[in-house]
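Colleague: Please show me the model, then take a few questions on it.

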Number of protein chains: 2
Amino acid sequence: MDTTDLVYRADCPSRIVLDQIADKWSMMVLEVLREPQRFNAIKRRLDGVTQRVLTQTLRKLERNGMVHRKVLDGRVLGVEYSLTHIVKYLQGPFSILFDWTLGNIEAIQECQRKYDEQDE
Amino acid sequence: MDTTDLVYRADCPSRIVLDQIADKWSMMVLEVLREPQRFNAIKRRLDGVTQRVLTQTLRKLERNGMVHRKVLDGRVLGVEYSLTHIVKYLQGPFSILFDWTLGNIEAIQECQRKYDEQDE
DNA sequence: CGGGATCCAGGATGATACTG
DNA sequence: CAGTATCATCCTGGATCCCG
């Protein structure tokens with residue numbers, strides 16, 4: 001281990017952050033929450049996520065101060081989620097990542113085909 | 001489901017890409033490989049990764065055309081990994097993400113403390 | 001050096017039912 | 001609406017041993 005590689009050290013606090021947000025659902029939630037959304041609205045947009053996993057993901061992001069949870073007052077229960085200010089800064093990079101996946105998907109799938117063909 | 005939300009649909013190819021790279025080790029490998037590195041060099045820099053998981057991660061990235069695997073000729077076995085050109089475009093956003101974790105770690109840990117204090 | 005093969009435990013996840 | 005609780009299952013990941 002090179003001690004100058006702080007971000008890669010297991011005991012570096014930033015690694016703990018990466019452990020938290022560097023997963024598929026967290027990234028997609030952060031992208032969806034460009035606009036504040038209610039629980040079921042988020043769930044509907046993230047095709048395939050279960051309510052259990054979405055709840056866990058939101059709790060994790062809330063714990064890390066990246067998402068704000070607000071109980072709406074009204075006759076029926078309603079909860080709105082939104083991004084906190086510290087995480088809004090990441091929206092640019094995230095958008096680039098999403099755009100990149102769309103722009104490179106064909107090249108990637110071609111690579112997958114070639115890779116899978118080798119000694120099938 | 002809003003059909004305009006292509007990137008969030010389970011059957012959208014880009015989701016498959018996110019499934020592949022949106023995880024902790026993949027992101028760190030892509031960051032480490034700014035400079036081409038040999039297997040054990042990568043392993044040493046990524047504190048805590050096991051050789052098995054690193055191998056799997058590299059294979060996955062190679063399959064998706066993001067990492068190039070090159071067997072070096074010499075008396076002993078040597079393998080060098082490097083980034084392919086399509087993924088180099090992501091280095092900017094990745095660096096921002098890494099810098100962000102370092103810059104916001106204190107605020108985040110403060111949020112964690114507050115969150116954990118609630119009704120301990 | 002750079003892995004592959006195997007075994008195994010623990011955590012993540014899906015399905016389902018229930019609730020303030 | 002927005003969750004919690006429980007259970008069965010699956011899969012990841014760690015540990016270990018071996019190999020060209």
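The questions below cover the DNA contacts and a helix pair.

Modeller: This is a predicted model, where local features need pLDDT of at least 70, side-chain atom pairs count only at pLDDT 80 or more, and totals for chains, interfaces and linings use all residues. Residues are numbered from 1 along each chain as its sequence is written, chains are lettered from A and ligands numbered from 1 in the order written, and side-chain values use heavy atoms, without hydrogens and water.

Colleague: Which residues come nearest to DNA strand C?

Modeller: Near means that a heavy atom of the residue lies within 4 Å of the strand. There are 17 residues around DNA strand C. The nearest are A:Arg52, A:Leu77, B:Arg38, B:Arg69 and B:Tyr81.

Colleague: What share of the strand C atoms within 4 Å of the protein is sugar and phosphate?

Modeller: Count the atoms of DNA strand C that come within 4 Å of the protein. Sugar and phosphate make up 58%.

Colleague: How many nonpolar residues does the surface near DNA strand C have?

Modeller: Ala, Val, Leu, Ile, Met, Phe, Trp, Tyr, Cys and Pro count as nonpolar, Asp, Glu, Lys and Arg as charged, and the others, Gly among them, as polar. That surface has five charged and six polar residues. Its nonpolar residues number six.

Colleague: How far is the side chain of B:Gln51 from a base nitrogen of DNA strand C?

Modeller: The pair joins that base nitrogen to an N or O atom in the B:Gln51 side chain. The distance is 3.2 Å.

Colleague: At what angle do H4(A) and helix H6 of chain B pack?

Modeller: H6 covers residues 91-117 of chain B. The two axes are 8 Å apart. The angle is about 120°.

Terms used. A polar contact is a pair of N or O atoms within 3.5 Å; within protein, one must be able to donate a hydrogen and the other to accept it, and residues adjacent in sequence count only if both atoms are side-chain atoms. Axes are lines fitted to C-alpha atoms, for helices over the stretch in contact, and angles run from 0 to 180 degrees between N-to-C directions. Helices (H or I, at least four residues) and strands (E, at least two) are DSSP runs, numbered from the N terminus.
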